[in-house]
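Here are a few notes from going through the model, in the order I would raise them over coffee. Have a look at it yourself before reading on.

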Amino acid sequence: MSDSVAETKQATNREIIVARDVHKWFGQLHVLRGIDLTVNVGEVVVIFGASGSGKSTFIRTINRLEEHQRGTITVDGIELTNDIRNIAAVRSEIGMVFQSFNLFPHLTALQNITLAPMRVRKYARKDADAVGMKLLERVGIPEQAHKYPAQLSGGQQQRVAIARALAMNPKIMLFDEPTSALDPEMISEVLDVMRGLAEEQGMTMICVTHEMGFARAVANRMVFFDEGVIVEEGPPRQIFEAPQQERTKRFLSQILH
Amino acid sequence: MTAETLTPPATTIGPIGWLRANLFSGPVSAFVTVLVGAALVWLAIQVGGWATADARWSVVTDNLRVFLIGRYPGDLAWRIWLSLAIPSVLAGLSAGAFGRTTRTLAVTLSAVQALIAILIAFSPIGILGVVAYAANAAAVWVSYAVGRRARIPRRVLAGAWLVSLPITFVLIAGFRGTPLTPVGTNEWGGLLLTVLLAAVGIVLSFPLGVLLALGRRSRLPAVRILSTGYIELIRGVPLVTILFMADLILPLFLPGGWQLDRVARAMGGISLFSAAYVAENVRGGLQSIPSGQVEAAQALGLSGVQTNISIVLPQALRAVIPANVGLFISLLKDTTLVTIIGLLELLNVGRAVLGQPESLGARMEVYLFIAAVFFVLCYAMSQASYRLERQLGVGTR
C-alpha cells in the first residue's frame, strides 16, 4: 500500500541535479570514483550504504561543502565551479540538514532560523520573524522559539535545523543522516517532518539515511553506495524485494536483520 | 512501602554544619583551625594597629593631586573632572539599558569616584574637587535611573561610547586657539595617565588582535604570513624593548615635521604589543569552534565575512573572555613600565613623591596606596568579566 502511495507522488521529468563522473580524493584516498546521478524536480532520493562508502561526501559536493576534483555537477542549470558566484547561487537554492544539527548555540531557535533570511536575503526583522514563526509551527515547536539550542531535545534541535534550512526557501533539501545522532524515541518526530515536506510540498530531497521504513514509504528512488561507486539504484520496492547486486543484498540483510 | 521524607540531621546543615564539616571535622583539623585563626587575628591586630596609629597617610592625601593627575596644571583640573562626567553618565545610562555587566562597571565607577571625593576632602585640593567627584558619583546613579526609563537603543549607546573617547581626549589635551588651553601630554601623570594608557591600549589592541587572529587563519598566504610574522615577532620581544623602540626609533621613521608626542608613542607601543597576545587568545577561540558551524553557515549561503561576524566571532570571543580579561589586567599593570621612557604614571609618581624630603619614611604608605588603587581597578575588571561570562553564557554550557 505504502509503495503505491509513494509511486502516485510521481516526480516530474525536469532534471534539477545532474552529477556526471564525479571524483573526489582525500589526500591519496579515492573516496568518490565516478558518480553519475540525476535527480528530477520533486523526486525523493534515499542514499544508503556502509559508512565510508562516500555517500555523505557525495551529497556535500552538491552544495560545495566538499570540492569535487573531476567530473561535473550542475544544479538547476548552474555548474559548480570555483566561481564563487556560482557557489553562492547554488547554495541559495539548497538547504542542508546535518547529522549533528549544527545549530548556532549562541542564538535562539528563532534567531537560528531568521539569521540567513536577514543577512543573505536582506529581510526586515519583522518579516523574517514572521517567516521563522510560521516554519516553527510547521515543524511543531512554535513554543520553543525563544529557547537556545542547548535547552532543546535532540529531536527539537533537528526540527529547528530543518526549519532553518527551509527559511531560505530552497528548491532542494539535502539530509545528511538526520536521525543518526538522535535517541530512538525522537527519530519519528524528525522523519514525520521530512515526510510532510516530501508529500505535501513535493520538495526535491536527497537523504542519506538508514531509516528503511522511511525510505520505503517516501522515496521515489533508492541509491546504494559502496566504496565510492553507485552499485545499484531503483524504486524502493525493487531494492527491498528484488535487489540485483550481491553487495546490495548483503548490506540489506545486515541492516534489516 | 512509602519512604518518609526526613529533615537532615541538624548538625549537618546551616553555619554550624558547615563549621563542623570544614573546620572542626577531627582533633587535628580543630587544632589547625585554632592555630591559623589565632595567627590571622594577631596579623590583623598588627596591621590594623599600624594602619590606624603609626602610618602617616598624610603623605597620600597631601600629594593626592599628583597621584591623581601628575603635573597637570591644578587650575585646569576641572577639565579632567568634567571629562570624567562623560563616562559616568554613559556608564549609568548603559547600566540602566543593559543591566548586569554594565551595572557592575557603573557601580565600581561610582564607588571609586565617591572614594576619591572622600580622599580629596582630606587633601589640599579643595572643596571644588570633592564636589566634582561626588557629583560624578551621583551622576552615575541619576543616569542609571534615566537609562532604565528611557530605554536608549544599544546602537546609540555604543556610538556614544566610541565618540566619548576622542571627546575626553580633546577635553584633557586641549586645543590651540580655543578656550581649552593645550596641556602637553608630558604633564599628564598619575592615575589619569595609567587609566588612559590602559583604556587606549585595550580599545585599540582588541580589534587589531581580532584582525590579526583572522589574518593568521586566512586562505591568502600573504595575509597569513604577515599576521603570523607580526605575532611571532612581537611575542618574542619584551614590552620594555617595544616601548624604547616606540620612543626612540619610531620618530626616525616619521616624515619630517611630523611629531608624535611621548604619551601617544607609549599608547601605540602598548597597543601594538598587546594586539599580538589578543590575537593568540582569539586564535585559540577560533579553533574551538567546530567546523560544522562554518559548514552550516555556508550551506545557508552566508558569505565568509558574514560567517565570521555572525557565527564564528561571537562564539570564539565569548570563549576567550577569561583569557582576554586576564590579558587586559596585565596590560593595566604593565603600564607601569612606561616609567622607563620617563612618563609619570601612578607608580612613578609614587617614586617622585617619595623623593621629597617631607615623605621620608613613608614608603610603605605610598606603595600600599598604589597597590590598593591597582587592586581596585583589576578586581573590578575581573568581576565584570565574570558577569559578562555568565550573561553571555545564557542557554549554553
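1. Is A:Phe101 buried or exposed? With this being a predicted model, I'd check that residue early. A:Phe101 comes out as buried, because its relative accessible area is 11%, under the 20% cut-off for that label. What caught my eye is the backbone: phi sits near 65° there, a positive value in a residue that isn't glycine. As for its place in the chain, A:Phe101 belongs to the loop that runs between β6 (94–97) and α4 (109–119) of chain A.

2. A:Glu177 deserves a look too. Its phi is positive, about 45°, and again the residue is not a glycine. You'll find A:Glu177 in the loop between β7 (172–176) and α7 (184–201) of chain A. At a relative accessible area of 16%, A:Glu177 is buried.

3. Now, how far to trust chain A? Its average pLDDT is 92, and 95% of the residues score at least 70. The stretch to be wary of is residues 1–8 of chain A, where pLDDT stays under 50. The model does give that stretch 11 contacts beyond four places in sequence, but I wouldn't lean on them. Where pLDDT is low, the predicted coordinates should not be read in detail.

4. On to the interface. Chain B brings 19 residues into contact with 23 residues of chain A. The area buried between the two chains is about 1,900 Å², with carbon and sulfur atoms giving 62% of that.

5. How many salt bridges cross between chain B and chain A? The rule finds one. It pairs the side chains of B:Glu295 and A:Arg60, at 2.7 Å from N to O. Polar contacts across the interface come to seven residue pairs, with both partners at pLDDT 80 or more.

6. Which parts of chain B make up the side that touches chain A? Helices α13 (291–299) and α14 (304–319) of chain B each supply at least two residues. The largest share is from α13(B), with seven residues. Sorted by type, the residues on that side of chain B are eight nonpolar, nine polar and two charged.

7. If I were writing this up, I'd put the two loop residues side by side: A:Phe101, with phi near 65°, and A:Glu177, with phi of about 45°. For the interface, I'd show the bridge between B:Glu295 and A:Arg60 together with α13(B), the source of the largest share of chain B's side.

Terms used
Residues are numbered from 1 along each chain as its sequence is written. Chains are lettered from A and ligands numbered from 1 in the order in which they are written. Side-chain values use heavy atoms; hydrogens and water are left out. Contact means heavy atoms within 4.5 Å. Buried area is the accessible area (1.4 Å probe) that two parts lose on being put together, summed over both. A salt bridge is a side-chain nitrogen of Lys or Arg within 4 Å of a carboxyl oxygen of Asp or Glu. A polar contact is a pair of N or O atoms within 3.5 Å; within protein, one must be able to donate a hydrogen and the other to accept it, and residues adjacent in sequence count only if both atoms are side-chain atoms. Helices (H or I, at least four residues) and strands (E, at least two) are DSSP runs, numbered from the N terminus. Ala, Val, Leu, Ile, Met, Phe, Trp, Tyr, Cys and Pro count as nonpolar, Asp, Glu, Lys and Arg as charged, and the others, Gly among them, as polar. Buried means under 20% relative accessible area, exposed over 50%, partly exposed in between (1.4 Å probe, protein chains only). pLDDT is the predictor's confidence in each residue, from 0 to 100.
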